[in-house]
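Good morning, colleagues. I should like to take you through several features of the structure now coming up on the screen.

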Amino acid sequence: METVTTIEPKQKVYFDLTISPHLHSQWSTAKVMWFVNLTLVPCIASALIFFGIQQILIMLVAVLFAVGTEAAIQAIRKKKVILFDGSAALTGLLLSLTLPPNFSLSATAIGSVVAIGLGKQIFGGIGYNIFNPALVGRAFLQAAFPVQITTWTKPNYAVDSITSATPLAAFKFDKLLTETYSLAFGNVGGSLGETSAIAVLIGGIFLIAVGIVNWRIPVSMIIGMFVFGGALWIINPQQYPSPVFQIFAGSFLFGAMFMATDWVTSPITGKGMWIFGLGISLVLILIRTFGGLPEGVMYSILFMNAFVPIINRYTRPRIFGEQKEVKK
Amino acid sequence: MSSKTFRGGVHPKEYKELTEHLPFEYFPAPDEIILPLSQHLGKEAKPLVKKGDEVILGQLVAQPDGFISAPIHSSVNGKVLSIGKEVTPLGFPKDSIVIKASENSVDKKFSFVPLDPETVTPDEIRQRVAEAGIVGQGGAAFPTYVKLTPPKDKLIDVVIINGCECEPYLTRDYRFMIERPDDLISGLKLIMKALGVKRGVIGIEDNKPEAIKILSHKVEYEEGIEVVSLKTKYPQGAEKMLIKAVTGKEVPPGKLPMDVGAVIQNIGTAIAIHDAVVKGEPLTHAALTVSGLGIRQPKNLYVPVGTPIQNIIEFCGGVTEDAVKIIVGGPMMGIAQYDLQAPVMKATSGILILTKKEVTESEETPCLRCGQCVDACPLNLMPTKLARYTQLKRYEDAEGIGITVCMECGTCAFTCPANIPLVQWIRLGKQKVLQMQKERTEN
């Protein structure tokens, strides 16, 4: 062992002495969170355009209560109160965008409190939760307010044939197929942020481009939809909708871009991300096709969230040079 | 020409524009030099001089102790002031020879007999490399003589010259390639001769098109030597990554490049070998880049080994007001300095003075499990888990997922949005695991 003797520095300088690396990427937790909030702007815009400017209240209430709950619990737990890292605001905003238009503001507030309280802080705060907090909040509201949360509003600029029912419900119960361009545009019934595929994709592509969202999760979900949904469609195109409809309708894309990709509750390995994404699509197809509900993105993501620790454990990447025969 | 590479890695801002256009300047001999006896991996050298002895430039002042060791030569004419513990850029003091330079004896100089590169034998090359005290110039400072003496059962089929210089800021290797391409190729040929290898590759990152152009032109008529363009990505210059990119082979954990038939030498090492064999010069000067937004006049310099950092900073116009960090080496793997009396060593490749703007430190938060470190790790490790296991003192688990494989390149910590000091945790865990393994073999 090295014997370490101390020598009084002759030229003492009080510079930073942290260890390498001395450079760091431009990202920090707060910057990432605020950036994700920013990429939701197109979805917010589509919500306000199709369901009215008053929907902003739902978002404000959700964000306010989410941040308030976070601060209150941090204070109670005698932790440093961090109001502005953007993560609680993001949970609130995401939750609000999954709610139906004109949803009760008091119920929204309850949803936010549950999302942060039960979804996140009870596990120890940021980084420690198992389930997507926004979806935990929404699942609670689904159970507590089953009627309100499935009461849809007919959107502005709706085509005559479009009813207030969501495209998935219209198909499931009445076999009415909504045109894909309406699904892409967003003038259809549904939750606030999910109806416009274009708005969702603009935000999502930004997230992938800057490297916040790992492309593997949305891509594997979409491939999964083509495989599982496509299989059913090929078997009976009258009974089952095309995979394209499955992808554009409901909250699939919103879930694929903003919910399943939540860092904390998705796998950390590349292979794990593929399993996770494909798993979500499989569970989703089962719910949509054979379940009583027309939609199931929320449940399928929460279901797969539970498997993330085990997925991580069994998908450790092969260490460089490991188990590979060395060619001489 | 498409560029070869490896999986993973990151691309930090390069900052090479600060110095890449600046030719090498000679740093004048300082008043005093400090020569640590351990400027290389392996055993400390044994001093051959005592207090009061007169020495001249190039004179052997310490001899190697054992196979993995290297001799040390004086880089000035002068008188030995003392031998004892002195501060080093490695962060802890080491036994060093301090020499006071004399003023009017600049023309005295010791050198070896120059050898003809055409007729020199492999043994003569190895011997010269050993007695000239050449160590790897890439940073690890492994005695080059040892690398040129592989065990008989290892079949070496390629020599790769590492011209990646993937660390931001550093432009020393680039300047060598631009200013001394012939010496570089001569050095490569000597290495190939010493090892009896027919194939030589110079791997250069594609952010140095000028170097690629010059060297490609120079090797056009050289048999068995080629220039390979590599993708600009950190850590492209890490041995394992370079071998993967050039040959497609992966060095298994715990093995050496020679196990897959490759020997890697740095650009600076090849030049030093040329200087030692053809010119007879022992390794007494370090070529380095002084850069960063915190230094007033960034430069590429030839500096006598042993020169205190302080003198070099003064020579470069001093630091700016907003400088916050002084680093010896590159910004990704270099060491922050607390005492500017620390000397330049044989393998010192850069002195960087960084400002707050460059280091962008933000607050640490809990791990967000984003997986970016896993995605970026060039060795396919799971840095966040390695750090976590270390925090929990679960060293067996850390060992199980390969903590000892980590080369501490810093890619994970660079990319971590939660700003977790991953390298620091992993280094700690690694030390504990190695200790554990040692105890295991002893019992």
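Let us begin with I160(B). In this predicted model, and setting aside neighbours within four places in sequence, I160(B) is in contact with V201(B), G203(B), L242(B), I243(B), V246(B), A262(B) and I264(B). The residue belongs to the largest nonpolar core, which has 146 residues; I160(B), L188(B), I191(B), I312(B) and L422(B) are the members that touch the most others. Which helix gives the most to this core? That is helix α4 of chain B, residues 181-195, with eight residues. Another core lies apart from this one; it has 82 residues, including C43(A), I58(A), V67(A) and V213(A). As general background, nonpolar side chains in soluble globular proteins tend to be buried together.

I turn next to a helix pair in chain A. Helix α3, residues 56-76, and helix α4, residues 87-97, both of chain A, have axes that come within 7 Å and cross at roughly 145°. The crossing of α3(A) and α4(A) is right-handed. On the side of α3(A), the contact involves I58(A), M59(A), A62(A), V63(A), F65(A), A66(A), V67(A) and E70(A). These meet A88(A), A89(A), T91(A), G92(A), L93(A), L95(A) and S96(A) in α4(A). By character, the residues of this contact comprise 11 nonpolar, three polar and one charged.

Now to the sheets of chain B. One is an open sheet of six strands with mixed pairing, in the order β1-β14-β13-β17-β15-β16. Its edge strands, each paired on one side only, are β1 (24-26) and β16 (335-336) of chain B. Within this chain, strand β15, residues 323-328, pairs with strand β17, residues 350-355, in the antiparallel sense over five bridges. There, V328(B) stands opposite I351(B) in β17(B). What lies across β1, β13, β14 and β17 of chain B? Helix α3 of chain B, residues 172-179, does so, running at about 115° to β13(B).

There is also an open sheet of four strands in chain B, with antiparallel pairing and the order β2-β8-β7-β4. The edge strands here are β2 (32-36) and β4 (54-55) of chain B, and each pairs on one side only. The partner of β2(B) is strand β8 of chain B, residues 94-101, and the two pair in the antiparallel sense over five bridges. Along that pairing, E32(B) stands opposite K100(B) in β8(B).

Thank you for your attention.

Notes. Residues are numbered from 1 along each chain as its sequence is written. Chains are lettered from A and ligands numbered from 1 in the order in which they are written. This is a predicted model: local features need pLDDT of at least 70, side-chain atom pairs count only at pLDDT 80 or more; totals for chains, interfaces and linings use all residues. Two strands pair if DSSP finds at least two bridges between them. A nonpolar core is a set of buried Ala, Val, Leu, Ile, Met, Phe, Trp, Tyr and Cys residues joined through C-beta atoms within 7 Å. A residue is buried if 20 or more other C-beta atoms lie within 10 Å of its own, exposed if 12 or fewer, and partly exposed in between; C-beta atoms are placed from the backbone. Two residues are in contact if their C-beta atoms, placed from the backbone, lie within 7 Å. Axes are lines fitted to C-alpha atoms, for helices over the stretch in contact, and angles run from 0 to 180 degrees between N-to-C directions. A crossing is left-handed if the near helix is turned anticlockwise from the far one by less than a right angle, and right-handed if clockwise. Ala, Val, Leu, Ile, Met, Phe, Trp, Tyr, Cys and Pro count as nonpolar, Asp, Glu, Lys and Arg as charged, and the others, Gly among them, as polar.
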